[in-house]
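Dear colleague,

Here is the structure you will be working with. My notes on its charged side chains follow below.

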Amino acid sequence: MTLLALRGISREVGLPDGGVLPILTGVDLDVAAGEHVAIVGRSGSGKSTLLNLLGLLDTPTDGEYLLDGEPTGALRARRRARLRGEVFGFVFQQFNLLPRRTAEENVAAPLLYARGRDYLRRRRTAREMLDRVGLGTRGDTVPEKLSGGEQQRVAIARALVRSPRVVLADEPTGALDVETGAQVMALLASAAAEGGAALVTITHDLNVARLADRRYRLDAGRLAPLADPAPTPVVPAPAPVPLAEVHP
Ligand SMILES: Nc1ncnc2c1ncn2[C@@H]1O[C@H](COP(=O)(O)OP(=O)(O)O)[C@@H](O)[C@H]1O
Ligand SMILES: [Mg+2]
């Protein structure tokens, strides 16, 4: 069942000289419930603009965005804001944690906007989420005392704490070294899947996109399906050295 559907979406911005700059042009995209879709594109191709549209942080200049079959174009500001908080979780390249709050307070923050959760329940839920990303013992730590990979795991816990139906990740590994990035991406994909959330990962890294069910390329504001990558080459294990040669 299609959860998110973009139909002929364009986004332009007005320029000071009165002209218009197209950022996205004629974008069609379907994301089904629980599915992982990756969008690959280089810097400036319109990736963040597309993610902001999906997350109801921005509105298109043309085309239609259907959320669960419902057109979003005519939504009132209040309902847009409510849907944004209920349906989506966000993960950003620079983690965007509150610097003066502990890991647990960061994870609990979105719950302040959810109904029916008193302080103790929010704390308990945040602790459980931190446990799920392997940071159960770091709840009282402030972000600057955590490594980049740990900060992004806190951000993943925060993105999932309200059980969103969609997680939108904008270059989630962009500030991490390759190995940490791969670990964080695997965690993000499995945590989203465990929570039944669809995941849209925006990246410039084809290796990060490998984990997705489907891939698209965004090039100068136009979206097109990307061929499946070749399987990771299997490196043959070295032939065992006969013991006689090791200990003649
Ligand atoms: N509000 C804006 N005004 C002018 N140009 C913009 C605006 N938003 C984005 N752009 C331009 O549109 C292009 C795509 O931006 P963005 O979506 O942030 O790309 P990406 O995330 O792929 O790097 C960039 O060239 C950027 O400078
Ligand atoms: Mg960007």
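A salt bridge here is a side-chain nitrogen of Lys or Arg within 4 Å of a carboxyl oxygen of Asp or Glu. Glutamate 128 and arginine 124 form such a pair, with their closest N and O atoms 4.0 Å apart. Please keep in mind that this is a predicted model.

The two residues of that pair both belong to helix α4 and are four residues apart, so about one helical turn separates them. Glutamate 128 has 45% relative accessibility and counts as partly exposed, while arginine 124 is exposed at 53%.

By the rule above, the model has 13 salt bridges. Two others are described here, along with a network.

Arginine 11 and aspartate 58 form a salt bridge in which the closest N and O atoms are 2.8 Å apart. Arginine 11 is in strand β1 (residues 2-14) and aspartate 58 is in the loop between α1 (47-54) and β4 (62-67), so this salt bridge ties together parts that are 47 residues apart in sequence. Both arginine 11 and aspartate 58 are buried.

Arginine 127 and glutamate 104 also meet through their side chains in a salt bridge, at 2.4 Å from N to O. This pair links distant parts of the chain, since arginine 127 is in helix α4 (residues 119-132) and glutamate 104 is in helix α3 (residues 103-108), 23 residues apart. The partners differ in burial class: arginine 127 is partly exposed, at 27% relative accessibility, whereas glutamate 104 is buried, with a relative accessible area of 4%.

Which residues are linked with Glu104 and Arg127 in a network of salt bridges? They are Arg123 and Asp140.

One further acidic residue is worth a look in the viewer. Glutamate 171 is in the loop between β7 (166-170) and α6 (178-194). Its relative accessible area is 10%, so glutamate 171 counts as buried. The side chain of glutamate 171 makes a polar contact, at 2.8 Å, with the side chain of histidine 204. Leaving aside residues up to four places away in sequence, glutamate 171 touches Lys47, Gln93, Ile202, Thr203 and His204.

Regards

Note on methods: Residues are numbered from 1 along each chain as its sequence is written. Chains are lettered from A and ligands numbered from 1 in the order in which they are written. This is a predicted model: local features need pLDDT of at least 70, side-chain atom pairs count only at pLDDT 80 or more; totals for chains, interfaces and linings use all residues. Side-chain values use heavy atoms; hydrogens and water are left out. Buried means under 20% relative accessible area, exposed over 50%, partly exposed in between (1.4 Å probe, protein chains only). A polar contact is a pair of N or O atoms within 3.5 Å; within protein, one must be able to donate a hydrogen and the other to accept it, and residues adjacent in sequence count only if both atoms are side-chain atoms. Contact means heavy atoms within 4.5 Å.
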